[in-house]
Amino acid sequence: MTAENPTPRPTRVRIAPSPTGDPHVGTAYIGLLNYLFATQRGGEFILRIEDTDRTRFHAGSEQMIFDALKWVGLTWTEGPEVGGPHGPYRQSERTEIYRKYAQILLDNGTAYKSFESEAELEEMRRQQTAAKQPPRYNGAHRHLTPEQISAYEAEGRPAVIRLKVPENTSTTFRDELRGDITFDHNNVDDQVLMKSDGFPTYHLANVVDDHLMGITDVIRAEEWISSTPKHVLLYKAFGWQAPNFWHMPLLRNIDKSKISKRKNPVSLNYYRESGYLPEALLNFLGLMGGGMAQPTEQEIVSKGLNTKEGDIFSLAEMIEKFDFKRISLGGPVFDLVKLRWLNGEYIRKQSPEAFYASLRRTILSDDYLQAVASLVHTRLETLGQFGDMTSFLFSDNVLPTDAVFLPKKRTLEETLAFVPEQITALESADWDLTSIESALKKLGEEKQWSVKENFMLLRAIITGSATSPPLVESLVVFGKARTLDRMRRFLEAQKKIRR
RNA sequence: GUCCCCGUCGUCCAGCGGUUAGGACACCGCCCUUUCACGGCGGUAACACGGGUUCGAAUCCCGUCGGGGACGCCA
């Protein structure tokens with residue numbers, strides 16, 4: 001049952017991000033790891049878009065993912081846009097393929113149709129949870145007769161296709177970092193493989209695609225361990241050789257929970273827009289998990305290294321020295337403080353020309369400066385006032401005093417409780433004038449905050465002042481990632497102050 | 001609740017049966033300096049706990065505890 005690897009195949013790995021929002025730092029992390037793995041073995045690193053969830057699909061997301069990965073310096077040889085021999089590389093364009101393979105499973109008895117509605121399933125899980133049972137599909141439609149199936153279909157009831165997990169056995173697979181892991185099938189659910197909308201779930205799609213695309217090694221985050229038995233079962237059901245599995249530790253927040261936007265800037269756009277150098281970010285990501293050997297004492301002496309230089313390395317050095325067998329399994333905390341130090345090291349090492357070029361590429365780009373200029377054009381009397389009016393757009397630390405941000409008729413408590421609501425509203429807004437404005441106004445109406453209170457609070461948080469260029473226009477210029485980050489930092493700062 | 005993974009300074013890593021348990025970030029002190037930053041020097045700080053195995057355990061085994069993840073017609 002253990003995945004053996006009798007015939008050596010050329011290494012092929014992939015990352016499979018989902019276009020549901022901003023490009024995620026975890027995507028860059030897993031992307032880096034896959035890239036290193038492939039490059040070290042002379043293999044291929046491919047990019048596949050997992051867009052099978054229509055409800056979470058976000059239009060601009062795919063392009064942002066491409067841009068962000070290129071920004072950090074990763075390149076792939078097959079993918080959407082690039083093409084390749086195993087396309088299409090967008091799962092939404094492969095639905096016929098999944099349908100065909102789902103039918104194979106139906107035919108060979110390793111999957112079955114299931115007709116419960118989502119509401120019924122929800123109720124089932126609710127009862128199980130209430131009874132302190134693990135929530136799990138109860139298998140009611142596992143053994144439907146052909147007649148019953150026809151009857152349901154005649155009724156026009158939508159069906160999903162589920163994996164028929166064999167009873168009274170277990171699945172063992174090898175994790176290349178951890179060794180054998182066994183799951184009793186009592187703890188493996190009859191996972192939905194095809195949704196009623198005709199799209200596959202991740203589980204089916206990733207197995208079919210990985211096989212068809214010749215993926216030899218699946219390097220993904222640890223959160224996938226518990227669904228790996230389902231994938232192994234699928235490979236078996238198809239009679240395919242399973243790839244090797246490498247589960248990487250999860251990046252963590254300061255409190256050790258899985259990294260999340262609530263507690264940590266997680267959008268790669270944030271890092272780009274607030275002036276992190278891509279080499280520094282990549283270097284930092286390479287530090288997470290400890291795949292790089294630290295220099296020995298002799299090396300430090302013979303090469304005249306500063307001790308801290310053991311933490312500083314380029315992509316090329318990672319390709320040369322990164323060792324997957326060295327990866328430590330404890331989830332690393334993504335520590336912004338150390339990232340900032342590292343970034344500072346990179347900035348200090350730049351030539352004056354390179355440093356200036358970096359500024360011109362980001363915080364002082366023509367695009368940015370022009371956008372900022374149009375914000376204050378009619379408001380200043382001398383050009384010298386430009387800085388006075390726009391400094392908040394060029395600062396990283398802006399903190400309003402109570403007197404500035406606290407609305408006259410609101411308590412501190414309700415104000416600090418309202419800010420997270422603003423954050424949530426802005427998170428789901430497209431970043432343009434009308435979307436931002438309507439998101440904020442809608443929230444204000446729901447929560448009985450006047451437009452004035454609502455907007456002045458936000459103005460204070462973002463600009464540090466009660467006077468500023470037009471708020472929403474300023475937010476558009478400042479950018480979504482930085483705006484949200486500033487709001488979260490405001491809350492953090494308040495928490496510290498009040499403690 | 002069930003299953004799975006993990007457990008060395010606050011954080012990131014080193015250690016892989018015998019070390020005064022090492023480095024980096026952060027923090028503290030001193031030096032450099034018109035200020036700040038950089039830089040230099042020094043310091044505080046960890047093997048979760050309990051049993052084994054062994055002449056000897058941070059290192060191997062078991063248990064406890066702790067942390068995390070998964071349990072979706074999300075990925």
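## Exercises on domain contacts and aromatic pairs

Five residues of domain 2 are in contact with nine residues of domain 3. The model is predicted, and the exercises below work through this interface and then through ring contacts.

**Exercise 1.** Describe the interface of domain 2 and domain 3 by its area, and find which residues of domain 2 lose the most area to domain 3.

Solution.
1. Locate the parts: chain A is divided into domain 1 (95-248), domain 2 (268-361) and domain 3 (366-498).
2. Take the centres over C-alpha atoms: those of domain 2 and domain 3 are separated by 33 Å.
3. Choose the quantity. The accessible area lost when parts come together is often used to give the size of an interface.
4. Read the area: about 550 Å² is buried between domain 2 and domain 3, and carbon and sulfur atoms give 45% of this.
5. Assign the domain 2 side: Tyr270, Glu273 and Arg360 lose the most area to domain 3, together 79% of what that side buries.

**Exercise 2.** Find how many salt bridges cross the interface of domain 2 and domain 3, and test the pair Arg360 and Asp366 against the distance rule.

Solution.
1. The rule finds one salt bridge across this interface.
2. For Arg360 and Asp366, the closest N and O atoms are 3.1 Å apart.
3. The cut-off is 4 Å between a side-chain nitrogen of Lys or Arg and a carboxyl oxygen of Asp or Glu, and Arg360 forms a salt bridge with Asp366.

**Exercise 3.** Classify the ring pairs of Phe173 with Phe183 and with Phe245, and state whether these residues are buried or exposed.

Solution.
1. The structure holds 21 aromatic pairs.
2. Among them, Phe173 and Phe183 lie 6.3 Å centre to centre with 5 degrees between the planes; planes under 30 degrees apart count as stacked, so this pair is stacked.
3. Place the pair in the chain: Phe173 belongs to strand β5 (residues 170-175) and Phe183 to strand β6 (residues 179-184), 10 residues apart.
4. Check burial: Phe173 has a relative accessible area of 1% and is buried; Phe183, at 17%, also counts as buried.
5. Turn to Phe245: its ring centre is 6.1 Å from that of Phe173 and the planes stand at 75 degrees, so the pair is edge-to-face.
6. Phe245 lies in strand β9 (residues 244-248), so its pairing with Phe173 in strand β5 ties together parts 72 residues apart in sequence.
7. Phe245 is buried, at 1% relative accessibility.

**Exercise 4.** Which rings have an arginine over them, at Arg162 and at Arg410?

Solution.
1. Arg162 has its charged end over the ring of Tyr137, 3.7 Å from the ring's centre.
2. Arg410 lies over the face of Trp449, 4.3 Å from the ring centre.

Notes. Residues are numbered from 1 along each chain as its sequence is written. Chains are lettered from A and ligands numbered from 1 in the order in which they are written. This is a predicted model: local features need pLDDT of at least 70, side-chain atom pairs count only at pLDDT 80 or more; totals for chains, interfaces and linings use all residues. Side-chain values use heavy atoms; hydrogens and water are left out. Rings of Phe, Tyr and Trp (its six-membered ring) pair if their centres lie within 6.5 Å; planes under 30 degrees apart count as stacked, over 60 as edge-to-face and the rest as tilted. Helices (H or I, at least four residues) and strands (E, at least two) are DSSP runs, numbered from the N terminus. Buried means under 20% relative accessible area, exposed over 50%, partly exposed in between (1.4 Å probe, protein chains only). A charge sits over a ring if NZ of Lys or CZ of Arg is within 6 Å of the ring centre and within 35 degrees of the ring normal. Domain bounds come from an automatic or database domain assignment. Contact means heavy atoms within 4.5 Å. Buried area is the accessible area (1.4 Å probe) that two parts lose on being put together, summed over both.
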